[in-house]
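Trainee: I'm new to this one. Could you walk me through it?

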Amino acid sequence: MRLALDQARACLEHGDVPVGAVVARDGEVLAAAGNARERLGDPTAHAEMLALRGAAERAGSWRLEGCTLVVTLEPCAMCAGAVVLSRVERVVFGAADPKAGFAGSLGDLVRDPRLNHRAVLTSEVLADECGEVLRAFFRGRRASVPYQSSG
(Lines give C-alpha, C1' and ligand atoms only; values in the text may rest on other atoms or scores of the structure.)
Protein backbone atom coordinates (compact mmCIF):
# COMPACT_ATOMS: atom_id res chain seq x y z
CA MET A 1 0.00 0.00 0.00
CA ARG A 2 2.91 2.35 0.63
CA LEU A 3 3.97 2.06 -3.03
CA ALA A 4 0.37 2.74 -4.11
CA LEU A 5 0.34 5.83 -1.87
CA ASP A 6 3.56 7.03 -3.55
CA GLN A 7 1.84 6.63 -6.92
CA ALA A 8 -1.19 8.55 -5.63
CA ARG A 9 0.92 11.45 -4.40
CA ALA A 10 2.70 11.63 -7.76
CA CYS A 11 -0.68 12.41 -9.38
CA LEU A 12 -0.67 15.78 -7.68
CA GLU A 13 2.08 16.95 -10.05
CA HIS A 14 -0.34 16.85 -12.99
CA GLY A 15 -3.61 17.67 -11.26
CA ASP A 16 -5.14 14.21 -11.26
CA VAL A 17 -7.20 12.85 -8.38
CA PRO A 18 -4.55 11.13 -6.22
CA VAL A 19 -5.27 7.43 -6.53
CA GLY A 20 -2.47 4.90 -6.85
CA ALA A 21 -2.45 1.21 -7.74
CA VAL A 22 0.05 -1.65 -7.76
CA VAL A 23 -0.22 -5.14 -9.23
CA ALA A 24 2.04 -7.78 -7.70
CA ARG A 25 2.49 -11.53 -7.99
CA ASP A 26 4.60 -13.73 -5.74
CA GLY A 27 6.07 -10.66 -4.03
CA GLU A 28 7.16 -9.06 -7.31
CA VAL A 29 5.67 -5.77 -8.46
CA LEU A 30 4.52 -6.18 -12.05
CA ALA A 31 3.21 -2.64 -12.48
CA ALA A 32 2.40 0.53 -10.56
CA ALA A 33 0.44 3.56 -11.71
CA GLY A 34 -1.46 6.60 -10.60
CA ASN A 35 -4.55 8.22 -12.08
CA ALA A 36 -3.75 9.90 -15.39
CA ARG A 37 -7.12 11.06 -16.72
CA GLU A 38 -6.09 14.71 -16.79
CA ARG A 39 -2.57 14.07 -18.05
CA LEU A 40 -3.69 11.71 -20.82
CA GLY A 41 -7.13 13.17 -21.51
CA ASP A 42 -8.48 9.62 -21.18
CA PRO A 43 -11.56 8.88 -19.07
CA THR A 44 -10.41 5.27 -18.62
CA ALA A 45 -6.94 6.19 -17.31
CA HIS A 46 -7.72 5.23 -13.72
CA ALA A 47 -4.79 4.01 -11.66
CA GLU A 48 -6.18 0.45 -11.57
CA MET A 49 -6.68 0.28 -15.33
CA LEU A 50 -3.16 1.53 -16.03
CA ALA A 51 -1.62 -0.85 -13.49
CA LEU A 52 -3.61 -3.82 -14.87
CA ARG A 53 -2.53 -2.97 -18.43
CA GLY A 54 1.10 -2.68 -17.34
CA ALA A 55 0.94 -5.95 -15.41
CA ALA A 56 -0.60 -7.80 -18.37
CA GLU A 57 2.11 -6.48 -20.66
CA ARG A 58 4.85 -7.49 -18.24
CA ALA A 59 3.27 -10.91 -17.59
CA GLY A 60 2.72 -11.49 -21.30
CA SER A 61 -0.93 -12.37 -20.73
CA TRP A 62 -4.21 -10.65 -20.00
CA ARG A 63 -4.89 -13.35 -17.41
CA LEU A 64 -3.55 -12.02 -14.14
CA GLU A 65 -4.20 -15.14 -12.08
CA GLY A 66 -2.28 -15.19 -8.84
CA CYS A 67 -1.99 -11.39 -8.85
CA THR A 68 -2.98 -8.90 -6.17
CA LEU A 69 -4.20 -5.42 -7.00
CA VAL A 70 -3.46 -2.91 -4.25
CA VAL A 71 -5.21 0.44 -4.64
CA THR A 72 -5.59 3.47 -2.40
CA LEU A 73 -9.32 3.92 -3.15
CA GLU A 74 -12.09 1.36 -3.54
CA PRO A 75 -12.40 0.52 -7.25
CA CYS A 76 -15.24 2.00 -9.30
CA ALA A 77 -17.51 -0.14 -11.48
CA MET A 78 -15.17 0.07 -14.49
CA CYS A 79 -12.11 -0.95 -12.49
CA ALA A 80 -13.97 -3.66 -10.56
CA GLY A 81 -15.12 -5.07 -13.89
CA ALA A 82 -11.53 -5.07 -15.15
CA VAL A 83 -10.48 -6.97 -12.02
CA VAL A 84 -13.02 -9.68 -12.78
CA LEU A 85 -12.19 -9.84 -16.49
CA SER A 86 -8.44 -10.01 -15.86
CA ARG A 87 -8.85 -12.78 -13.25
CA VAL A 88 -7.01 -10.90 -10.49
CA GLU A 89 -6.94 -13.15 -7.43
CA ARG A 90 -7.04 -10.53 -4.70
CA VAL A 91 -7.93 -6.85 -4.29
CA VAL A 92 -6.66 -4.77 -1.38
CA PHE A 93 -7.90 -1.22 -1.06
CA GLY A 94 -7.42 1.67 1.34
CA ALA A 95 -10.25 4.19 1.54
CA ALA A 96 -13.84 3.16 0.89
CA ASP A 97 -15.71 5.14 -1.78
CA PRO A 98 -19.36 5.45 -0.75
CA LYS A 99 -20.19 7.51 -3.87
CA ALA A 100 -18.67 5.31 -6.58
CA GLY A 101 -17.12 2.17 -5.03
CA PHE A 102 -18.00 -1.22 -6.48
CA ALA A 103 -16.04 -3.43 -4.11
CA GLY A 104 -18.55 -3.26 -1.29
CA SER A 105 -19.96 0.26 -1.12
CA LEU A 106 -22.50 0.77 -3.94
CA GLY A 107 -22.15 -2.77 -5.18
CA ASP A 108 -19.71 -5.64 -4.98
CA LEU A 109 -18.74 -6.51 -8.53
CA VAL A 110 -15.42 -8.12 -7.52
CA ARG A 111 -17.23 -10.79 -5.46
CA ASP A 112 -20.51 -11.11 -7.35
CA PRO A 113 -21.39 -14.84 -7.39
CA ARG A 114 -23.17 -14.47 -10.74
CA LEU A 115 -19.89 -13.74 -12.53
CA ASN A 116 -17.34 -16.27 -13.77
CA HIS A 117 -14.59 -14.98 -11.47
CA ARG A 118 -14.49 -13.54 -7.98
CA ALA A 119 -11.58 -11.91 -6.19
CA VAL A 120 -10.72 -12.12 -2.52
CA LEU A 121 -11.21 -8.67 -1.00
CA THR A 122 -9.36 -6.91 1.81
CA SER A 123 -10.61 -3.42 2.59
CA GLU A 124 -9.56 -0.36 4.54
CA VAL A 125 -5.81 -1.02 4.65
CA LEU A 126 -4.21 2.28 5.72
CA ALA A 127 -7.67 3.77 5.11
CA ASP A 128 -7.04 6.96 7.11
CA GLU A 129 -3.82 7.78 5.26
CA CYS A 130 -5.30 6.92 1.86
CA GLY A 131 -8.40 8.97 2.62
CA GLU A 132 -6.41 11.96 3.86
CA VAL A 133 -4.48 12.20 0.58
CA LEU A 134 -7.82 12.46 -1.24
CA ARG A 135 -9.41 14.84 1.28
CA ALA A 136 -6.42 17.20 1.10
CA PHE A 137 -6.59 17.21 -2.70
CA PHE A 138 -10.28 18.12 -2.74
CA ARG A 139 -9.87 20.71 0.04
CA GLY A 140 -7.24 22.37 -2.14
CA ARG A 141 -9.49 22.22 -5.17
CA ARG A 142 -12.41 23.81 -3.33
CA ALA A 143 -10.17 26.55 -1.93
CA SER A 144 -8.86 27.50 -5.38
CA VAL A 145 -12.25 27.63 -7.15
CA PRO A 146 -14.16 30.88 -6.59
CA TYR A 147 -17.81 30.57 -5.63
CA GLN A 148 -20.19 30.95 -8.57
CA SER A 149 -23.88 31.51 -8.03
CA SER A 150 -26.19 29.33 -10.06
CA GLY A 151 -28.79 32.14 -10.31
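Mentor: Sure, and one term before we start: helices (H or I, at least four residues) and strands (E, at least two) are DSSP runs, numbered from the N terminus. Keep in mind that this is a predicted model.

Trainee: Got it. In what order do the elements of the chain run from the N terminus on?

Mentor: Start with the tally: the chain has five helices and five strands. Read from the N terminus on, they run α-β-β-α-α-β-α-β-β-α.

Trainee: And how compact is the chain?

Mentor: Look at the radius of gyration, which is 15 Å. The globule rule gives 15 Å for 151 residues too, so the chain is as compact as a globular protein of that length.

Trainee: Let's zoom in on N35. Where is its place?

Mentor: Check what flanks it: β2 covers 28-34 and α2 covers 37-40. That puts N35 in the loop between β2 and α2.

Trainee: Is N35 buried or exposed?

Mentor: Buried means under 20% relative accessible area. N35 has a relative accessible area of 6%, so it counts as buried.

Trainee: Which backbone oxygen does the side chain of N35 reach?

Mentor: First, who's around: leaving aside neighbours within four places in sequence, N35 is in contact with several residues, including C11, H14, D16, V17 and A45. One of these offers its backbone oxygen at 3.0 Å from the N35 side chain, and that residue is V17.

Trainee: Last one: what share of the 151 residues in the chain is buried?

Mentor: N35 is a buried residue itself. Over the 151 residues of the chain, the buried share is 45%.

Technical notes:
Residues numbered from 1 in each chain as written. Predicted model: local features only at pLDDT ≥ 70, side-chain atom pairs only at ≥ 80, totals over all residues. Heavy atoms only, no water. Rg over C-alpha atoms; globule rule 2.2 N^0.38 Å. Buried < 20%, exposed > 50% of the residue type's maximum accessible area, 1.4 Å probe, protein only. Polar contact = N/O pair within 3.5 Å; in protein donor to acceptor, adjacent residues only side chain to side chain. Contact = heavy atoms within 4.5 Å.
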